[in-house]
Amino acid sequence: MRLDVVSIFPEYLSPLRLSLIGRAVEKGIIDLGVHDLRDWTHDRHRTVDDTPYGGGAGMVMKPEPWAEALTAILGVGSEVPDGPEGSPTAAPASAESGPVGPEPAAPAGRQDRPAGDRPLLIVPSPAGTPFTQAHAAELAGREHLVFACGRYEGIDQRVVEWARDHAEVRLHSIGDYVLNGGEVAALVMTEAIARLVPGIIGNPESLTEESLEDGLLEYPVYTKPAAWRGRAVPDILLSGNHAAIARWRRDERLRRTAEVRPDLIAALDPAALDRRDRAVLDEIANADPSGLAWGDRPD
Ligand code: 6GU
């Protein structure tokens, strides 16, 4: 997988060189480029922002540096220049020497490739679609992901519109709160994606049993000692009865999820629930006087 990130704070992305993703980059499973947007400016002050049309607080990221950066990174072919103040679209020499990402952007012309192989441009934004595990799993199979990290009040809207002619473009949010910029959100999304890329995690089984893969939260886990500060590990986990342990774990997942994320329970496919699942959920619903039993729920 090729992974490019563009930011005015490339140092913010240095965690991509650590741990799991860092090792994948070293092994060549992930080909990483971190780029400083200011490398595509041409004025003395390396300006990336300007005041918003229509007024209002804050600054907006100018379209020209973004278009030049994305032209180089997405491998856009012959483009109409921006106009009199526009400039050639080739990446400047320094573009590929960000502090954490010296690799060149791979050329990625697109018209003649299958849709899934087109570069995918992800714009982290609180106005985007909520990013989920299902998105992470889908994106882990992509050839080329590019994250465009905005700051200030955002990037000029025309950049997104223009980019749609050259790549698949998606806006994603990581939750209902406001960050100062897209960098941390890009880190969150790349971690969720990269750990699903084949060859990155030693034991792929640990991926399939996990929280949210099937719409439920994780069961509680325990390790030695069996008794600690007056608290015992649940007996069943010491029983050696693997079927009973699996059932207990599933019950715990259902209980936990019903307690803290009833929205996830409501979203479950009823066909994915067995009789025992329904009994556990009914028990929880009956214990809660305001709750509807599973079978009584609308839909
Ligand atoms: Cl993706 N960006 C910013 N700036 N704030 C956010 C976010 C993204 N997701 C939640 N809050």
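A polar contact is taken here as a pair of N or O atoms within 3.5 Å. With that cut-off in hand, the ligand site of this predicted model is a good place to begin. The side chain of Ser173 offers an N or O atom that lies 3.4 Å from a nitrogen atom of the ligand, so this pair falls within the 3.5 Å limit and counts as a polar contact. The backbone takes part as well: an N or O atom of the Ile174 main chain is 3.0 Å from a ligand nitrogen, and a backbone N or O atom of Leu179 is found 3.1 Å from a nitrogen atom of the ligand. On its own the ligand has 290 Å² of accessible area, and the protein covers 96% of it.

The setting of these contacts can be described residue by residue. Around the ligand are Pro124, Ser125 and Pro126, then His172, Ser173, Ile174 and Gly175, and finally Tyr177, Leu179, Gly181 and Ala185. Sorted by class, this shell holds six nonpolar and five polar residues, with no charged ones. Two strands, S5 (120-130) and S7 (168-173), each provide at least two of the shell residues. S5 makes the largest contribution, with three residues. The ligand also occupies the largest pocket of the model.

His172, one of the residues around the ligand, deserves a closer look. This histidine belongs to strand S7 and has a relative accessibility of 2%, which means that His172 is classed as buried, the limit being under 20%. The His172 side chain comes to 2.9 Å from the backbone oxygen of Thr129.

Other buried positions are found elsewhere in the chain. Pro65 is part of helix H2, which spans residues 63-74, and counts as buried because its relative accessibility is 4%. The C-alpha atom of Pro65 is 8.7 Å from that of Thr47, a residue 18 positions away along the chain. Val197 sits in the loop that links helix H5 (183-194) to helix H6 (205-208); with 7% relative accessibility, Val197 is buried too. Here the sequence separation is 167 residues, yet the C-alpha atoms of Val197 and Ile30 are 8.8 Å apart. Arg2 lies in strand S1 (residues 2-7) and, at 5% relative accessibility, is likewise buried. The side chain of Arg2 meets that of Asp4 in a polar contact of 2.5 Å.

The backbone geometry has a few points of its own to offer. Most residues other than glycine have a negative phi, and most peptide bonds are trans. Against that background, the peptide bond from Lys224 to Pro225 is cis, with an omega near 5 degrees. Pro225 is placed in the loop between H6 and strand S8 (227-228).

Positive phi values occur at Tyr152 and Arg229. For Tyr152, phi is about 55 degrees, although this residue is not a glycine. Tyr152 is located in the loop joining strand S6 (144-148) and helix H4 (157-163), and its relative accessible area of 37% makes Tyr152 partly exposed. Arg229, also not a glycine, has a positive phi near 50 degrees. Arg229 falls in the loop between S8 and strand S9 (231-232) and is exposed, because its relative accessible area of 71% is over the 50% limit.

Notes:
Residues numbered from 1 in each chain as written. Predicted model: local features only at pLDDT ≥ 70, side-chain atom pairs only at ≥ 80, totals over all residues. Heavy atoms only, no water. Near = heavy atom within 4 Å. Polar contact = N/O pair within 3.5 Å; in protein donor to acceptor, adjacent residues only side chain to side chain. Areas by Shrake-Rupley, 256 points an atom, 1.4 Å probe, with all protein chains shown as cover. 1 Å grid on protein atoms, 1.4 Å probe; cavity = no way out; pocket = protein on both sides within 12 Å on 5 of 7 lines; lining within 4 Å. Sits in = over half its atoms within 2 Å of the grid points. Helix = DSSP H or I, 4+ residues; strand = E, 2+ residues; numbered from the N terminus. Nonpolar A, V, L, I, M, F, W, Y, C, P; charged D, E, K, R; others polar. Buried < 20%, exposed > 50% of the residue type's maximum accessible area, 1.4 Å probe, protein only.
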